[in-house]
Amino acid sequence: MKQIKQDLSIGYFVVFLFLILTLAYISQMKTTYALTNDTVIISMNISALSEITVTPAALEWLNIVPTYEADYKSLSVQNTGSVNFTRLWSNINSFAVETTNPIGKGNPTLYAAGSFLVMKNETGEAGYRFVNRIEWNETQQPTYMTLNPADAVSWGYFRNFTDIYLWNFNDSATVGQCLNGSQMEFRIKSSAESLSSPNRDMTVGTIAATFEANTTEWSSWTFSSGPLQEYCVYIYRDCSRIMVAQWDYNQTLPACSARKYISRENFASGMIHTLNLTVLVPRGMPAGNTSNSILTIFAE
């Protein structure tokens, strides 16, 4: 029995010695391990992507009482592409939607919603301005109106929310066309018409427009003062309507010195430009839903 105990003791000792030697070997391995490294160069190239994102995708104004202030809303224009832009401008398709004279027909769908839209850019340099407002020839000459020029063929009102301004113009040598501005005269009242005692004599208190250019569709005009100052005013070729525009560099329109870019600052990738908008609804608008318009923002 004593021999067995001695044998076990020797066995334990051998196992213990083996463990000591193993740990010593492992410890020696750790102390002699060498750390080394190498490097990899990471590079890449981003392709040119021209893209902007406008949010939200839709704006809606409901139950607007004529001549009462509507809600103010914002649009966010972000450069989500990889190239920088230097100019932003806009266009709204009022002239494509509002193709029939809606005055006196009592049908709100004949009006384009975009014709009531005003917009202010981020710098606020020009305040709230119509993007693209359509004003039509009145089918009947307003009572007590005295034309100037005397051969005027078209007359109507510029409706600036609570105020209205009477205008008139004649046609060019080609009867029924209003493209050759060198043969035309375009005037607007400098003061808003009084509802109680309107002065409709166009021979006094009016401002003459300056003709600038024309295409086969429109002639362009500017005013040095008055309610249409710093706007581009376009007369359609058949003399049936005018279009009051700002922020619109649509190349299908004739050149105009008064039009403005929304921004001419560097618009780098990731940058955001905020636009503020509302609608101005004047008197005389029929109740109901107008026809939808599409506002397009361009970056170039």
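Cys178 and Cys239 are both buried. In this predicted model, the two residues form a disulfide, with their sulfur atoms 2.0 Å apart. The link of Cys178 and Cys239 is right-handed, with 105° about the S-S bond. Cys178 belongs to the loop between strand S8 (163-169) and strand S9 (186-189), and Cys239 to the loop between strand S13 (232-236) and strand S14 (241-245), so the disulfide ties together parts that are 61 residues apart in sequence.

A search of the whole structure finds 2 disulfides. The other joins Cys232 to Cys256, at an S to S distance of 2.1 Å. This pair links distant parts of the chain, as Cys232 lies in strand S13 and Cys256 in the loop between S14 and strand S15 (272-279), 24 residues apart. The torsion about the S-S bond of Cys232 and Cys256 is about -105°, so this disulfide is left-handed. Cys232 has 0% relative accessibility and therefore counts as buried. Cys256 counts as buried because its relative accessibility is 8%, the cut-off for burial being under 20%. When the bonded cysteines are counted along the chain, the disulfides follow the pattern 1-3, 2-4.

Aromatic side chains provide a further set of contacts. A search of the whole structure finds 14 aromatic pairs, and two of them are set out below.

| Pair | Arrangement | Centre to centre | Angle between planes |
|---|---|---|---|
| Phe158 and Tyr231 | edge-to-face | 6.4 Å | 70° |
| Phe169 and Phe186 | edge-to-face | 5.3 Å | 80° |

The pair of Phe169 and Phe186 links distant parts of the chain, with Phe169 in strand S8 and Phe186 in strand S9, 17 residues apart. Both Phe169 and Phe186 are buried. These two residues also belong to a cluster linked by ring pairs, which consists of Trp167, Phe169, Phe186, Phe211, Trp221 and Phe223.

The pair of Phe158 and Tyr231 is edge-to-face. It likewise links distant parts of the chain: Phe158 is in strand S7 (residues 154-160), while Tyr231 is in the loop between strand S12 (218-222) and S13, 73 residues apart. Phe158 counts as buried because its relative accessibility is 1%. Tyr231 has a relative accessible area of 4% and is therefore buried.

Which charged side chains lie over aromatic rings? The charged end of Lys73 sits over the ring of Trp61, at 5.5 Å from the ring centre. Arg259 lies over the face of Tyr249, and its distance from the ring centre is 4.4 Å.

These local features can be placed within the protein chain as a whole. Its secondary structure comes to 2 helices and 16 strands. The chain has 300 residues, of which 40% count as buried. Among the contacts in the chain with a separation of 6 or more, 63% are accounted for by residues 24 or more positions apart. The accessible surface of the chain comes to about 16,800 Å², and 54% of that surface belongs to carbon and sulfur atoms.

Note on methods. Residues numbered from 1 in each chain as written. Heavy atoms only, no water. Disulfide = S-S within 2.5 Å. Helix = DSSP H or I, 4+ residues; strand = E, 2+ residues; numbered from the N terminus. Buried < 20%, exposed > 50% of the residue type's maximum accessible area, 1.4 Å probe, protein only. Phe/Tyr/Trp six-rings, centres within 6.5 Å; stacked < 30°, edge-to-face > 60°. Lys NZ or Arg CZ within 6 Å of the ring centre and 35° of its normal. Contact = heavy atoms within 4.5 Å. Areas by Shrake-Rupley, 256 points an atom, 1.4 Å probe, with all protein chains shown as cover.
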